[in-house]
Amino acid sequence: MIKLIMSDMDGTLLDENGRLPEEFPAIAGELKRRGVIFAPASGRQYFSLRETFRDFVDDFIFFAENGTIVMRQDKEISSTTMPKSVALQILATAAQNDNIFRVFCGKKDAYVQNSQNRPEFVDELGRYYTHNSFVDDFADVDDECIKVSLYDASAHADTVIYPLVKKYDGQQQVVLSSDYWVDVMAFGINKGVAIQKIQRQLKIAPDECAAFGDYLNDTEMLSSVYYSFAMANAHPKIKDIARYTTASNADHGVIKGIRRLIDEGLLPPATNS
């Protein structure tokens, strides 16, 4: 029986307008009655996820910042940081192109330089980092770094950002998170590694887990569970990895996938509580 269900957010659970499906509260209640834990697993900041799921904070596990920090009931249960000196070096490298917007992702906040306080970035920043501060210099930030995020408004992160920072791959983890974003994290950490840690802590096996994803930063997550679902709108490589497919995010594929699991008797029976 499935005990834990993970889902990516953008391009997966959220619809094409960045909203939760209307059916989500009902399906979340159904999972709770069946004793199944739901876990958003996203590149988004924990504070952003917490705001989206404000009514479910006590029930969910949050795999935030691509698994670099995991929270449950507002308590940190796992995190992986990178040395601040390394983060500053990566941010300086990305600054060679002033059209690359740079975020120092800390445990307490997300930090952006005042020099990049520009409308084309601030609106996008607010979607993923609802808790943010502007600073004159990243070196002055008093926080641990869990991730460096880099944004290209032209939607060519693979050719604009990645070539600049790919030299860090191997020393750190460099991940193309979407057409717009590249994330750089400590080597060896990703959604999948974070999920495996929680599986061990909760004594939940991979064949007792399901996951839904659409993009390359979901690769390890889908490989960490048996019931792995690719969205209809997923990257071709994700479709190759996943055992199952579901409808697109616009067609509420996560909801349909969970209902399929229920219909096939793969979740525990519901209780009346």
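Where is the place of Glu65? Glu65 sits in the loop between E3 and E4, where helices (H or I, at least four residues) and strands (E, at least two) are DSSP runs numbered from the N terminus. This is a predicted model, in which local features need pLDDT of at least 70, side-chain atom pairs count only at pLDDT 80 or more, and totals for chains, interfaces and linings use all residues. Residues are numbered from 1 along each chain as its sequence is written, and side-chain values use heavy atoms, with hydrogens and water left out. Below is a short tour of one sheet and two residues with an uncommon backbone angle.

**The sheet**

- Three strands form an open sheet in the order E3-E4-E5, with antiparallel pairing; two strands pair if DSSP finds at least two bridges between them.
- Strand E3 (61-64) and strand E5 (75-79) are at the edges with a single partner strand each, so one side of each has no neighbour in the sheet.
- On average, neighbouring strands of this sheet are turned by 25 degrees against each other, direction ignored.
- As general background, strands of a sheet pair through backbone hydrogen bonds, either parallel or antiparallel.

**Strand partners**

- E3 and E4 are joined antiparallel by 4 bridges, and Ala64 stands opposite Ile69 in E4.
- Strand E4 (residues 69-72) also runs antiparallel to E5, with 4 bridges between them; here Val70 has Ser78 of E5 as its bridge partner.

**What covers the sheet**

- Helix H8 (residues 191-202) packs on the sheet and touches E3, E4 and E5, contact meaning heavy atoms within 4.5 Å.
- The direction of H8 makes about 155 degrees with that of E3; axes are lines fitted to C-alpha atoms, for helices over the stretch in contact, and angles run from 0 to 180 degrees between N-to-C directions.
- Both faces of E3 are covered, with Ile61 and Phe63 buried on one side and Phe62 and Ala64 buried on the other. Buried means under 20% relative accessible area, exposed over 50%, and partly exposed in between (1.4 Å probe, protein chains only).

**Two residues with positive phi**

- Most residues other than glycine have a negative phi.
- Glu65 has a positive phi near 50 degrees, in the hairpin of E3 and E4 with its 4 residues between the strands.
- Because its relative accessibility is 2%, Glu65 counts as buried.
- Ala155 is not a glycine either, yet its phi is positive at about 65 degrees.
- Ala155 lies in the loop between strand E9 (145-152) and helix H6 (157-160), and is partly exposed, with a relative accessible area of 24%.
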